[in-house]
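This report examines selected helices and side-chain arrangements. Please consult the sequence and the structure shown below while reading.

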Amino acid sequence: MDGVLVREEHLVPGADALLKELRDNETPFMVLTNNSIYTPRDLRARLLNSGLDIPEEAIWTSALATAQFLQTQRPGGSAYVVGESGLTTALHDVGYVMSERDPDYVVLGETRTYSFEAITRAIRLVRNGARFIATNPDQTGPSAEGPLPATGAVAALIEKATGRRPYFVGKPNPLMMRSALRRIGAHSENTVMVGDRMDTDVLSGLEAGLQTILVLSGISGRETAEQFPYRPTRVLESVNNLVGATRDPFGTDCVRTED
């Protein structure tokens with residue numbers, strides 16, 4: 001979502017035309033985000049303010065993927081959560097109970113108000129046997145003032161204090177990509193991942209067996225992409241280059257900027 005369709009609350013040129021074309025062609029799509037702060041309803045409202053009309057059911061977050069994963073692992077379990085409403089709502093919706101006393105899991109998500117008290121409690125619970133789950137490994141997140149510490153950075157702090165490495169559910173774990181594929185009844189062989197980060201989007205797409213398109217409208221630039229040992233199928237300036245080519249995004253109709 002961020003860096004592909006919107007950038008700092010502003011529409012990426014061509015994003016609205018791309019989504020219209022997908023709908024006109026009856027091509028199913030999902031908008032993925034590693035940000036676990038917001039519910040799909042919140043994100044729909046945010047996208048509407050940017051000029052994009054995307055239904056809630058077409059939005060898949062790391063919070064939803066985490067809740068679905070925990071439901072399959074330990075149905076009706078309990079969790080101590082460090083995060084926002086996007087994560088707690090997703091866990092409540094699958095029947096989880098929030099608890100500070102002997103929870104099955106400590107679940108770490110994104111928040112703009114990490115507290116020393118909450119992190120300390122999480123450390124003690126993990127040391128006492130709670131399983132450690134994190135929604136995503138992103139170390140920093142964007143803001144108008146510059147990068148912010150994100151889930152991966154705080155997870156590293158807890159890991160250092162406990163010796164327990166968390167299981168990350170969100171991208172680049174292909175689990176999140178596969179759960180999104182199931183949501184739209186798609187198969188990896190005829191699905192493409194469009195993202196702006198080599199270390200999460202492209203990697204998760206590759207590991208889930210999808211063809212991948214890196215757009216240069218977000219985090220990873222052309223020079224950054226060359227530093228990784230894997231490559232996307234195609235590199236484009238933005239989603240605007242896909243307009244008119246969604247039926248065959250790797251054909252000659254797709255305006256591209258690749259080596």
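## Helix H8 and its surroundings

In this predicted model, the buried residues of helix H8 are Met-198, Thr-200, Asp-201, Val-202, Leu-203, Ser-204 and Gly-205. Helix H8 spans residues 198–207 and is mostly covered, since seven of its ten residues are buried.

The elements that cover these buried residues include two helices, H7 (174–183) and H9 (222–225), together with the strands S12 (192–195) and S13 (211–215). After H8 comes Gly-209, which has a positive phi, near 85°.

## Helix H4 and its buried face

Helix H4 comprises residues 85–93, and its residues Gly-86, Leu-87, Ala-90 and Leu-91 are buried. Why do the buried residues of H4 line one face of the helix? When H4 is viewed down its axis, these residues fall within an arc of 125°, and therefore they line one face. An α-helix has 3.6 residues a turn, so residues three or four places apart point the same way.

The cover over the buried residues of H4 includes helix H3 (62–73) and the strands S5 (78–82), S6 (97–98) and S7 (105–108). Just after H4, Gly-95 adopts a positive phi of about 90°.

## Ser-50 in helix H2

Ser-50 belongs to helix H2, which covers residues 40–50. Is Ser-50 buried or exposed? Its relative accessibility is 10%, so Ser-50 counts as buried, the cut-off being under 20%.

The side chain of Ser-50 reaches the backbone oxygen of Glu-9 at a distance of 2.9 Å. When residues up to four places away in sequence are not counted, Ser-50 touches Val-6, Glu-9, His-10 and Leu-11.

## Aromatic rings

How many aromatic pairs does a search of the whole structure find? The search finds three. One of these is the pair formed by Phe-228 and Tyr-230, which is tilted, with 5.5 Å centre to centre and 50° between the planes. The two residues of this pair fall into separate classes of exposure: Phe-228 is partly exposed, with a relative accessible area of 25%, whereas Tyr-230 is buried, with a relative accessible area of 18%.

An aromatic ring also takes part in an arrangement with a charged group. The charged end of Arg-131 sits over the ring of Tyr-105, at 5.9 Å from the centre of that ring.

Notes: Residues numbered from 1 in each chain as written. Predicted model: local features only at pLDDT ≥ 70, side-chain atom pairs only at ≥ 80, totals over all residues. Heavy atoms only, no water. Buried < 20%, exposed > 50% of the residue type's maximum accessible area, 1.4 Å probe, protein only. Helix = DSSP H or I, 4+ residues; strand = E, 2+ residues; numbered from the N terminus. Contact = heavy atoms within 4.5 Å. Phe/Tyr/Trp six-rings, centres within 6.5 Å; stacked < 30°, edge-to-face > 60°. Lys NZ or Arg CZ within 6 Å of the ring centre and 35° of its normal. Arc of directions from axis to C-beta. Polar contact = N/O pair within 3.5 Å; in protein donor to acceptor, adjacent residues only side chain to side chain.
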